[in-house]
Every structure is written in C-alpha cells, then in structure tokens.
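Biologist: Hello! I would like to learn how to read a protein model, step by step. Could we look at one together?

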Amino acid sequence: MNKPPKHILVTGGAGFIGSALVRRLLTEGYVVTVIDDCSNGRKENVPKEATFIKADLLEEKIYQEISNISFDAVFHLAAQSSGALSFKDPMADMKSHLYITFSLLQLSLKKKASRFMFPSSTTVYGDAKNLPVDEGCLQNPKTYYATGKLACEKYVRFFFEQGLPTTVLRLPNVYGPGQNLQNKNQGMVSIYFSYLMENQPIIVKGSKDRFRDFIYIDDVIQANIKACAPKKNGTYNVGTGIPRNFQEIADILQKELDTDLGTDYFPNPYNGYQMNTEADISSTKKNLDFEPKFSLERGIKAYIPEILRLHGTDIS
C-alpha cells in the first residue's frame, strides 16, 4: 500500500507566487490546503483540487480552525509584500509579518510539522558595501517591509532551535505569469509591462544605474520544492546570480512587444529605497541542488503570451 501524500498548508495560496506553488504541489502528489483573505490574491487562482479557506490570519480564531487540520508542513507566503506600501501603513505591515508568522510557527511546532518554509527577501541586506552578498553578510534593511522580513527570520531561527525544521528563502524581484498588472506598487517587470500595454513610456523611479537580480516564477517554485528536503536547514539566497540594470529590462520588454515608447526617469518618492542587489547563490546550489533555468530574456519571452492574452491579443 502506497504511503499517502503529505498534506501541505499554504498561506497566501491565492496570490501570485502562492497559487503557482499550489499548482506545482498538486502535480507532485501533495494534498494542499490554502488559507488566504484574498486581499491581494483571488480565489479563482486556487485550483479546485486544493481545499480553500478564506480567512484573515490576523484574527486569532482562525488558529483554532487550523489546529484541527492534520497538515505535515507549512509554506507561509501570506504577508504584505510591497516596500513602498510599508511606508504608508507601517503598523499594518508589521502585523502582517510578525503576528501571523509567530502564530503559525507556534502552531507548527505544537503540531510537530515536518517543515516550515518562509519566503524572505534580499531587501534585508539593504545597500551592501560589497556585492554579491552571501547569507552571512550584514543585514541592514531600509524599509518597514524588509525589517519585518528580517524580524520574521529571527523568529524562524528561534523556533528552529526549539526543534521545528525550517527553511528560509531570500527572494529577489520575482516576475512571471500570474502577477497583477493593475498593481503598480510591486512587481517591477509587471509594472513596466503595464505601462507599455497602456501605450505609455516606462516610468522608472530612481537612478538608471540601479540593478537588481530578477527571477522567473518557475525558478522560484523550483527553489521552494527543493527546499522541502534540503541537505542542510538554514537560510538561502534565491536568484539567478546575474544582476541586470533597469534600462536593460525596459529595452528587453520593448523589443519583445515591438514598441518604442521610451523610458522616463523620475526621482524615487520613497526613502530607504535599495540601490542594488546581487546575491551569491552558491550555497543554494550546493544544499538545495538549485539551478536557475531562466535568464531574464527567456523569462520575459515566456511571460509575453499572458501579457498579450490579458490585453486581447494572443499569439501562437
């Protein structure tokens, strides 16, 4: 008799990364329960094969309901996810990170979960003096959002010391099918796409010399799946290891869409904006057997069909 598949709890599973992860987990044979308040995600994003619970994880009563679920592991993706928005409501940002993460860690330890997966961010490094940064480099977050992520990492580490197996993935800028093109507060590639599809020049806030590591959604999901069974518990950078400047991104997008709308640069209105990111992923490759498969060019090309479909023009 085959051993039944493990039961995975995914918070934020109706969102961009969460729904892609749920689809992959289902294809891997896992039983999946999704909890999401749909403040950013949509119920329609959740495959019907998954159990869906619409709930606000800031409400204490939901944890009694979760405690009755016989889950084996947790992917905790539910949180406010915009550095810019964290300045508009720092208290809400803090609660969405610390209260929910602590509550889920506490419950996971009590239920003896086999693993607790937490997606952090490379924004925790701030403006590092030396690039690329490895996981042991100084963390100096510059936004409420990044500070919240780092504080959650500390709690994850604390619960690991109490006996809960954990993995933290520090993610860079993620892009790909499923992003909300109407949301201009997060998702740099999708924001730039939305400007072009509105027949506007790409608006870039800040210096044209800034660069980032951009990772396609499929590679993020690959990292999450492999982090279920790491060779070593810990914190890992996820990325391509190849940073690209903002003008390169704008040029690739315009080439793929066959447009020439230009790029307009404006001062960034937010304090604490991270200048550059470049992560060392050597430890991730070694301990997670992770290997990014999508260059920025390949990822954007793979993203194009959905962009055109959403605007009424499909390609085949």
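Modeller: Happily; what follows is a set of questions and answers about this predicted model.

Biologist: Let's start with the strands. Which strands are the edge strands of the open sheet?

Modeller: Seven strands form this open sheet, with parallel pairing, in the order β3-β2-β1-β4-β5-β6-β11. From one strand to the next, the twist averages 20°. An edge strand pairs on one side only, and here the edge strands are β3 (51-54) and β11 (234-237).

Biologist: Now let's zoom in on β5 and β6. Which residue is the bridge partner of Ser121 in β6?

Modeller: β5 (residues 115-121) and β6 (residues 166-171) run parallel and are joined by six bridges. Along this pair, Met117 stands opposite Thr167. For Ser121, the bridge partner in β6 is Leu171.

Biologist: Is β6 largely enclosed or largely open, and how many of its residues are buried?

Modeller: Look at both faces of the strand. Thr166, Val168 and Arg170 are buried on one side, and Thr167, Leu169 and Leu171 are buried on the other. β6 is therefore largely enclosed by the rest of the structure, and its buried residues number six of six.

Biologist: Which helix lies across β1, β4 and β5?

Modeller: We want a helix that lies across β1 (7-11), β4 (73-76) and β5. The one that does so runs at about 160° to β5 and spans residues 90-110. That is helix α4.

Biologist: Next, helix α6. How many of its 10 residues are buried?

Modeller: Helix α6 covers residues 188-197 and is largely enclosed by the rest of the structure. Its buried residues, among them Met188, Ile191, Phe193 and Leu196, pack against β7 (173-175), β8 (202-205), β10 (214-216), α8 (246-257) and α10 (296-310). Of the 10 residues, the buried ones come to nine.

Biologist: And which residue with a positive phi follows α6?

Modeller: Just look past the end of the helix. The phi there is near 65°, and the residue is Asn199.

Biologist: Let's turn to cysteines. Why is there no disulfide between Cys152 and Cys228, and what is the count of disulfides?

Modeller: A disulfide is a covalent bond between the sulfur atoms of two cysteines. To count here, the two sulfurs must be within 2.5 Å. The sulfur of Cys152 is 20 Å from its closest cysteine sulfur, in Cys228, so they are too far apart for a bond. The count of disulfides is zero.

Biologist: Which of these is buried and which is partly exposed, Cys152 or Cys228?

Modeller: Buried means under 20% relative accessible area. Cys152 has a relative accessible area of 0%, so Cys152 is buried. With 24%, Cys228 is partly exposed.

Biologist: What about empty space inside? What is the volume of the largest cavity?

Modeller: Rolling a probe the size of a water molecule over the atoms shows where empty space is left. There is one cavity of 30 Å³ or more. The lining of the largest cavity includes Thr122, Tyr125, Pro172, Asp213 and Ala279. Its volume is about 50 Å³.

Biologist: Last one! Which element gives the most to the lining of the second largest pocket?

Modeller: The second largest pocket holds about 220 Å³ of space. Among its 13 lining residues, the closest to its centre are Glu153, Arg157, Val168, Gly234 and Thr235. The elements that give two or more residues to the lining are α5 (144-161), β6 and β11. With six residues, the element that gives the most is α5.

Definitions and conventions: Residues are numbered from 1 along each chain as its sequence is written. This is a predicted model: local features need pLDDT of at least 70, side-chain atom pairs count only at pLDDT 80 or more; totals for chains, interfaces and linings use all residues. Side-chain values use heavy atoms; hydrogens and water are left out. Buried means under 20% relative accessible area, exposed over 50%, partly exposed in between (1.4 Å probe, protein chains only). Two strands pair if DSSP finds at least two bridges between them. Helices (H or I, at least four residues) and strands (E, at least two) are DSSP runs, numbered from the N terminus. Axes are lines fitted to C-alpha atoms, for helices over the stretch in contact, and angles run from 0 to 180 degrees between N-to-C directions. Contact means heavy atoms within 4.5 Å. On a 1 Å grid over the protein atoms alone, a cavity is a set of points where a 1.4 Å probe fits but cannot get out, and a pocket is an open set with protein on both sides within 12 Å along at least five of seven lines; lining residues have an atom within 4 Å of a point. Grid points are joined across faces, edges and corners, and a volume is the space filled by probe spheres set on the points.
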